[in-house]
Amino acid sequence: MDIEQLYEIYKSHPVITTDSRDCPAGSIFIALKGESFDGNKFAASALEKGCAFAVVDEPEYAAPDASGKPDPRYIVVDDCLRTFQQLARHHRRQFDIPVIGITGTNGKTTTKELVSTVLSQRFNVLYTQGNFNNDVGVPKTLFRLNATHEIAVIEMGASHPGDIKTLVEIVEPQYGLITNVGKAHLQGFGSFEGVVHTKGELYDFLRKQKESKVFIDAGNAHLMGIADGLELIAYGTCGDNLRVKGEVVSCAPFLKFRWTDGKESHEVQSHLIGSYNIYNMLAAVCVGLTFGVAPSQIDHALANYVPSNNRSQLTETADNHLIVDAYNANPTSMMAALKNFRDMAVNPKMAILGDMRELGESSDEEHQKIVDFLVETGLENIWLVGPEFAKTRCPFRKFTDVEEVKAEVAAREPKGFYILIKGSNGIKLSQLTEKL
């Protein structure tokens, strides 16, 4: 069965599930595989629970019907993941709407949220929910596309070379935005150059498309260096020929920034922590203006956006002000957060920092750079969490895991602090918010 035939079935049964615990009546179950599960084993169960069809890639799981004949409810394919992706691409092709693809080392989720918030002032926007930005999450997002949507904003993540190439060939965007490139997932990419090449796969795709456009931070030398041959819509804090130019007004603790399109100036007080977020804000302004969102609507959208995903988020508890950025961490984002924290006009300060994971052979060096910077800044009350920070040479408190930190918090009961909490999600520092 080819994709077009399968799509005809999908049109009559327009609900896809990949979870045998969630089988809406009449849906199609696609048997994906993971490191610890094989969806083929649950195909029969999915049919019993109400699915109309089960797509499998291991023929032995396509059980015959009661009479011993082939059961037409089983659809056997070569590769379920590839079929899932191709079906999502075929579905995306049914809609002639602008599609914006967003990737980058840092800020892609925040930028996706800001861009979607701005565009929602004028359009019905399909956008990536949460962090559904991988080879399974992106197709799931595309399957949510329907006739009411007028524009789509799709986030794409990567941890290995070729990941973005795979995703852009599913999404087929006409517009692209790479927030930045930095040191992250070095264990998978092999080097910083590998990161740049992989993120640049979005540009490579757009370069081959007619009438494609790229939103770009003109001050980012790495991005400008790989953008040859593309139509650029530039934003930034410096330079000429910018569609949008901006500057930080203050950050105490929330970012206030000013932007201009060359005609008039606008000032926006945001709910985001971190001066580095100005680039995410300017990207959203640039996209909004390009698609005809009024400047007043853009200002309103950005001023009222409140983060709720442990990214650049200020949480006020009965005892402290918590700057929570505990979803992910890499050397680039960690350094940006620390520089911003150093410069914030608030006191007293405290930082609880967790390991930066997936750095491979660079891990020891990159963690040492962070603690060396901390020593230079003179910041005190620094707690480091995890086995990678444990190997560094520094005068700061070290903890094996978050449970040790919880015990110390219970014993010391810190009060009145502005506390930066940042680390890779696997260190679980987000659990500290309820303790502090």
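Let's start at a pocket: β1 (16–17) and α5 (137–143) each supply at least two residues of the lining of the second largest pocket. Keep in mind as you look around that this is a predicted model. The biggest share of that lining, 3 residues, is from α5. In total 16 residues line the second largest pocket, and those nearest its centre are Val15, Ile16, Thr17, Lys140 and Phe143. The space inside comes to about 270 Å³. Sorted by class, the lining of this pocket has 8 nonpolar, 4 polar and 4 charged residues.

From an open pocket, let's move to a closed space. Rolling a probe the size of a water molecule over the atoms shows where empty space is left. The structure holds 1 cavity of 30 Å³ or more, and the volume of the largest cavity is about 30 Å³. Around the largest cavity you'll find Thr111, Leu177, Thr179, Asn180, Tyr235, Tyr279, Asn280 and Ala283. That lining splits into 4 nonpolar and 4 polar residues, with no charged ones.

Which helix gives the largest share of the cavity lining? That's α11 (residues 278–290), with 3 residues. Most of α11 is covered, with 11 of its 13 residues buried. Among the buried ones are Ile278, Asn280, Met281, Leu282 and Ala283, and two of these names, Asn280 and Ala283, also turn up in the cavity lining. The length of α11 works out nicely too: at 1.5 Å a residue, its 13 residues should span 18 Å, and the end C-alpha atoms are 18 Å apart, so the two agree. After α11 comes glycine 292, which has a positive phi, near 80°.

Now go further along the chain to helix α13 (residues 331–343). Here the same sum applies: 13 residues at 1.5 Å each should span 18 Å, and the end C-alpha atoms lie 18 Å apart, which agrees. At the start of α13, a side-chain oxygen of asparagine 330 comes to within 3.1 Å of the backbone nitrogen of threonine 332. The buried residues of α13 are Pro331, Ser333, Met334, Met335, Ala337, Leu338, Asn340 and Phe341. How should you read the spacing in that list? An α-helix has 3.6 residues a turn, so residues three or four places apart point the same way. As for partners, the buried residues of α13 pack against the strands β11 (244–251), β13 (265–273), β15 (321–325), β16 (349–354) and β19 (418–422), and against helix α14 (363–377).

Since β19 has come up, follow the chain into the segment after β19, where serine 424 sits. Is serine 424 buried or exposed? Its relative accessibility is 5%, so serine 424 counts as buried. The side chain of serine 424 reaches the backbone nitrogen of arginine 357 at 3.0 Å. Leaving aside neighbours within four places in sequence, serine 424 is in contact with Ala326, Tyr327, Asn328, Ala329, Gly354, Asp355, Met356 and Arg357.

Last stop: arginine 93, in the loop between α3 (80–92) and β5 (99–103). Unlike the buried serine 424, arginine 93 counts as partly exposed, because its relative accessibility is 47%. What lies across from it in space? The C-alpha atoms of arginine 93 and isoleucine 170 are separated by 9.7 Å, though the two residues are 77 residues apart along the chain.

Technical notes. Residues are numbered from 1 along each chain as its sequence is written. This is a predicted model: local features need pLDDT of at least 70, side-chain atom pairs count only at pLDDT 80 or more; totals for chains, interfaces and linings use all residues. Side-chain values use heavy atoms; hydrogens and water are left out. Helices (H or I, at least four residues) and strands (E, at least two) are DSSP runs, numbered from the N terminus. The expected span of a helix is 1.5 Å times one less than its number of residues. Buried means under 20% relative accessible area, exposed over 50%, partly exposed in between (1.4 Å probe, protein chains only). Contact means heavy atoms within 4.5 Å. A polar contact is a pair of N or O atoms within 3.5 Å; within protein, one must be able to donate a hydrogen and the other to accept it, and residues adjacent in sequence count only if both atoms are side-chain atoms. On a 1 Å grid over the protein atoms alone, a cavity is a set of points where a 1.4 Å probe fits but cannot get out, and a pocket is an open set with protein on both sides within 12 Å along at least five of seven lines; lining residues have an atom within 4 Å of a point. Grid points are joined across faces, edges and corners, and a volume is the space filled by probe spheres set on the points. Ala, Val, Leu, Ile, Met, Phe, Trp, Tyr, Cys and Pro count as nonpolar, Asp, Glu, Lys and Arg as charged, and the others, Gly among them, as polar.
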